[in-house]
Amino acid sequence: MIMARWFVALTLGAMMTVVMTASPASAAPYAAIVMDMRDGSVMHSRSADRRQHPASLTKMMTLYLTFEAVRNGQLKLDTRVRVSRKAARMTGSRLRLKSGERVTIRDMIRATAIKSANDAAMVLAEAISGSEKAFAQLMTAKARELGMKATTYKNPHGLTRAGHLTTARDQAILARHLFYDYPDYYNVFGRKSDRAAGRRIYTTNRLLGTYRGMEGMKTGYTRAAGYNLVGIAQRGPERVIAVVLGGKSGRTRNREVARLLDLGFKRAKTHVAVVRPGHRSTEVARSPIPRPKPGTPATGFEALMAALSTSAQAATGQPTAVSPYAPLRARQPVPRGGGETATITAMTPEMLGIPQPQEKPFWSVDLGSYRDEAGAVARLAKIAQTPGLALDNAPSSIELGTYRGRPSYQVIFGGLTQKEARAVCAKLVRLCNPVPPRQGG
């Protein structure tokens, strides 16, 4: 009898040891980095360049490409798209969308950023590239363009797949790009709850509302990845990014990110020259844009790319490869580190001869000018997060000018009616001026 009990206990102990040893979550390696948002300087790192599973941090790139598609006119926020059978069958965190259901891009952005819904991420991927595989290739190409040297994507949601890997450093780089490239969308990462596709959704980021200055970003978990988190917080002029990969639990991960943010604020300098994250050129021959079958008329993005290529060839007399990532609207000169000025030129649809609808004259709101770009971006992001302003559809911009011989950054929200512009400034009271349409258009 004693021998039997000893044997059972020994067997159970061995089985528990095997289960604990084989648990990928407990074996996920730890990596971390702390970065100053303003110039990208690293204030702490540990195994920051080791390639690991990103889990749902993947959705940061899915959202980056979605914001890009909206800005370029490929999609609109209120565009309704059909949920595919593949998207409806997604597992893990999800909205439980039904095959054939029609949903808006706006709702899928919210569900992906706030709830980390896998089915919503798949809907966005298929809306942009037509298939999961094509979108994953686009994600990897964009990662290289943004300077994420060690990241390879295999899907838009982050469920574990061989070769789907990133680093803590690359995720911090991506966080900076989301902040600087799309500040008008940055607020979605800081919402505790919202509605999407008729459902109330809640954030997966428990540091929102519990850590002072926490603005948000993205969580992630799979057994292979462990508990991951990219957190961004702001106090005074400092804004810090902390990335943790391979946390042992959600609670310990959150505590570690809070500790690293505290470390970042202690080490961050009060005054830092802003250095925007850069982009690298990408040739169309290397970019994974799906090609239409022979005889199929080009539409949407493919037609626009064909127009770009034709226009470039007409201008130079030579066949020209055009990057699919070339911005479709001209941008203002942007000061770089060292006081130099870099001018980014881009072809607009008007330059390409693409017919454009006649726009009605719109009002805008001027939210003040700032001496440095980081302050302007922070102001834009904060206003976009303010509830009750109804600025979700209002295009925003930071316009570069001069004031007393020094660079000045003006924060503008446009596309408003006179009533809407006055209502926004009535609620903000300070540093807000309604601006009527310019004469002559």
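Mentor: A residue counts as buried when its relative accessible area is under 20%, as exposed when that area is over 50%, and as partly exposed in between. The model before us is predicted, and this scale can be applied to several of its residues.

Trainee: Why is Thr219 called buried?

Mentor: Thr219 has a relative accessible area of 6%. The limit for buried residues is 20%, and 6% is under it, so Thr219 is buried. Thr219 belongs to strand E7.

Trainee: What makes the pair of Thr219 and Thr204 a polar contact?

Mentor: The two side chains meet at 2.6 Å. A polar contact requires N or O atoms within 3.5 Å, one able to donate a hydrogen and the other to accept it. The value of 2.6 Å lies within that limit, and the pair therefore qualifies.

Trainee: Which residues does Thr219 contact, leaving aside its neighbours within four places in sequence?

Mentor: Thr219 is in contact with Ser56, Leu57, Thr204, Asn205, Asn228, Leu229 and Arg253, when neighbours within four places in sequence are left aside.

Trainee: How do you know that Thr222 also counts as buried?

Mentor: Thr222 shows 10% relative accessibility. Set against the limit of 20%, that value places Thr222 in the buried class. Thr222, too, lies in strand E7.

Trainee: What does the side chain of Thr222 make a polar contact with?

Mentor: The partner is the side chain of Thr160, at 3.4 Å. As the cut-off is 3.5 Å, the pair is accepted as a polar contact. Beyond residues up to four places away in sequence, Thr222 touches Ala55, Gly158 and Thr160.

Trainee: To what sheet does strand E7 belong, and why is E7 called an edge strand?

Mentor: Strand E7 is part of an open sheet of five strands, in the order E2-E1-E9-E8-E7, with antiparallel pairing. Its edge strands are E2 (42-46) and E7 (214-222), each of which pairs on one side only. From one strand to the next, the twist averages 5 degrees. In general, the strands of a sheet pair through backbone hydrogen bonds.

Trainee: How do you know that strand E1 and strand E9 pair?

Mentor: Pairing requires at least two bridges between the strands. Strand E1 (residues 31-36) and strand E9 (residues 238-247) share six bridges, in the antiparallel sense, and therefore meet the requirement. Within this pairing, Ala32 stands opposite Val244 in E9.

Trainee: Why is Val42, at the other edge, called partly exposed?

Mentor: Val42 is found in strand E2, and its relative accessible area is 38%. That is neither under 20% nor over 50%, so Val42 is partly exposed. Apart from residues up to four places away in sequence, Val42 touches Ile33, Val34, Met35 and Arg169. The C-alpha atoms of Val42 and Gly264 are separated by 9.1 Å, although the two residues are 222 residues apart along the chain.

Trainee: What makes Gly401 partly exposed?

Mentor: Gly401 has 30% relative accessibility, a value between the limits of 20% and 50%. Gly401 therefore counts as partly exposed. Gly401 lies in strand E13 (residues 396-403) and touches Arg406, Pro407 and Ser408, not counting residues up to four places away in sequence.

Trainee: Turning to the helices, why are H3 and H7 called roughly perpendicular?

Mentor: Helix H3 (residues 58-71) and helix H7 (residues 132-145) pack at an angle of about 90 degrees, and their axes are 10 Å apart. Angles of 65 to 115 degrees count as roughly perpendicular, so the term applies to H3 and H7. Thr58, Met61, Thr62, Tyr64, Leu65 and Glu68 of H3 make the contact with Phe135, Leu138, Met139, Lys142 and Ala143 of H7. By class, these are seven nonpolar, two polar and two charged residues.

Trainee: How do you know that the same term suits H6 and H7?

Mentor: Helix H6 (residues 118-129) packs with H7 at an angle of about 85 degrees, with the axes 8 Å apart. This angle also falls in the span of 65 to 115 degrees, which means that H6 is roughly perpendicular to H7. The contact involves Met122, Ala125, Ile128 and Ser129 of H6, and Glu132, Ala134, Phe135 and Leu138 of H7. Six of these residues are nonpolar, one is polar and one is charged.

Trainee: How many helices and strands does the chain have?

Mentor: There are 12 helices and 15 strands. Of the 441 residues of the chain, 49% count as buried.

Notes
Residues numbered from 1 in each chain as written. Predicted model: local features only at pLDDT ≥ 70, side-chain atom pairs only at ≥ 80, totals over all residues. Heavy atoms only, no water. Helix = DSSP H or I, 4+ residues; strand = E, 2+ residues; numbered from the N terminus. Axes fitted to C-alpha atoms, helices over the stretch in contact; angles between N-to-C directions. Parallel < 35°, antiparallel > 145°, perpendicular 65-115°, else oblique. Contact = heavy atoms within 4.5 Å. Nonpolar A, V, L, I, M, F, W, Y, C, P; charged D, E, K, R; others polar. Buried < 20%, exposed > 50% of the residue type's maximum accessible area, 1.4 Å probe, protein only.
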